[in-house]
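Student: Got a minute to go through a model with me? Let's fix the wording before the details.

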Amino acid sequence: MKKLLVLICYNLGLWGILGFFATLFLGFLSCCVNLSENIFYAFLIAFAVIGITATSYCVSRGCRKTNG
């Protein structure tokens, strides 16, 4: 159980830091290219979904290695 919690926190923390930089980059890009707010938020939501999916996959794979 402890390893599960550590893996979840590590992966979500990593994706959180990447999400911060993605927000800065997309904000800069949307200002320079004049993208609408809907496109900006759609990219951020897509990034969040990819992060949650990747976290779920990596955590399940990491726990399967130790239990299997």
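Tutor: Sure. Buried means under 20% relative accessible area, exposed means over 50%, and partly exposed is in between, with a 1.4 Å probe and protein chains only. This is a predicted model, where local features need pLDDT of at least 70 and side-chain atom pairs count only at pLDDT 80 or more, while totals for chains, interfaces and linings use all residues. Residues are numbered from 1 along each chain as its sequence is written, and side-chain values use heavy atoms, leaving out hydrogens and water.

Student: OK, try it on G13. Where is G13, and is it buried, partly exposed or exposed?

Tutor: G13 sits in helix α1, and with a relative accessible area of 33% it is partly exposed. From its C-alpha to that of S60, 47 residues apart along the chain, the separation is 17 Å.

Student: How many helices and strands does the protein have?

Tutor: There are 2 helices and 0 strands. Both kinds of element are DSSP runs numbered from the N terminus: H or I with at least four residues for helices, E with at least two for strands. The helices are α1 (2–33) and α2 (37–67).

Student: What does the radius of gyration say about the protein?

Tutor: The radius of gyration is 15 Å, well over the 11 Å from the globule rule for 68 residues, so the protein is more spread out than a compact globule. That radius is taken over C-alpha atoms, and the rule is 2.2 Å times the number of residues to the power 0.38. The C-alpha trace spans about 50 × 15 × 15 Å along its principal axes. Buried residues come to 19% of the 68.

Student: And how much area does the protein expose?

Tutor: About 5300 Å², with 74% of it supplied by carbon and sulfur atoms. Those areas are from the Shrake-Rupley method with a 1.4 Å probe, and for residues only the protein chains shown count as cover.

Student: Back to α1. How far does α1 reach from its first C-alpha to its last?

Tutor: Its 32 residues reach 45 Å, close to the 46 Å expected at 1.5 Å a residue. The expected span is 1.5 Å times one less than the number of residues.

Student: Which residues in α1 are buried?

Tutor: L7, N11, G19, A22, L26, G27 and S30. An α-helix has 3.6 residues a turn, so residues three or four places apart point the same way.

Student: An asparagine in that list, huh. Why does N11 count as buried?

Tutor: Because its relative accessible area is 11%. N11 touches T55, C58 and V59, leaving aside residues up to four places away in sequence; contact means heavy atoms within 4.5 Å.

Student: What about S30, what does S30 touch?

Tutor: With the same exclusion of residues up to four places away, S30 touches L35 and F40. S30 is buried at 13% relative accessible area.

Student: Y10 next. Is Y10 buried or exposed?

Tutor: Exposed, at 56% relative accessibility. Y10 and T55 are 9.1 Å apart C-alpha to C-alpha, and 45 residues apart in sequence. V6, also found in α1, is partly exposed at 48%, and its C-alpha is 9.4 Å from that of V59, 53 residues away along the chain.

Student: Let's hop over to α2. How does G51 look, buried or exposed?

Tutor: G51, a residue of α2, is buried at 3% relative accessibility. Its C-alpha is 5.9 Å from the C-alpha of W15, with their positions 36 residues apart along the chain.

Student: And where is N34?

Tutor: N34 is in the loop between α1 and α2. It has a positive phi of about 60° although it is not a glycine. Most residues other than glycine have a negative phi. N34 is exposed, with 66% relative accessible area.

Student: Last topic, the nonpolar patch. Which residues form it?

Tutor: F25, L29, V33, L35, I39 and F43, with about 510 Å² of accessible area together. Both α1 and α2 give two or more residues to it, and α1 supplies the largest share, 3 residues.

Student: What are the cut-offs for patches?

Tutor: Patch residues have over 30% relative accessible area and no salt bridge; like charges are joined within 9 Å, and nonpolar side chains (Val, Leu, Ile, Met, Phe, Trp, Tyr) within 5 Å. A salt bridge is a side-chain nitrogen of Lys or Arg within 4 Å of a carboxyl oxygen of Asp or Glu.

Student: And F25, is F25 buried or exposed?

Tutor: F25 lies in α1 and counts as exposed, at 51% relative accessibility.
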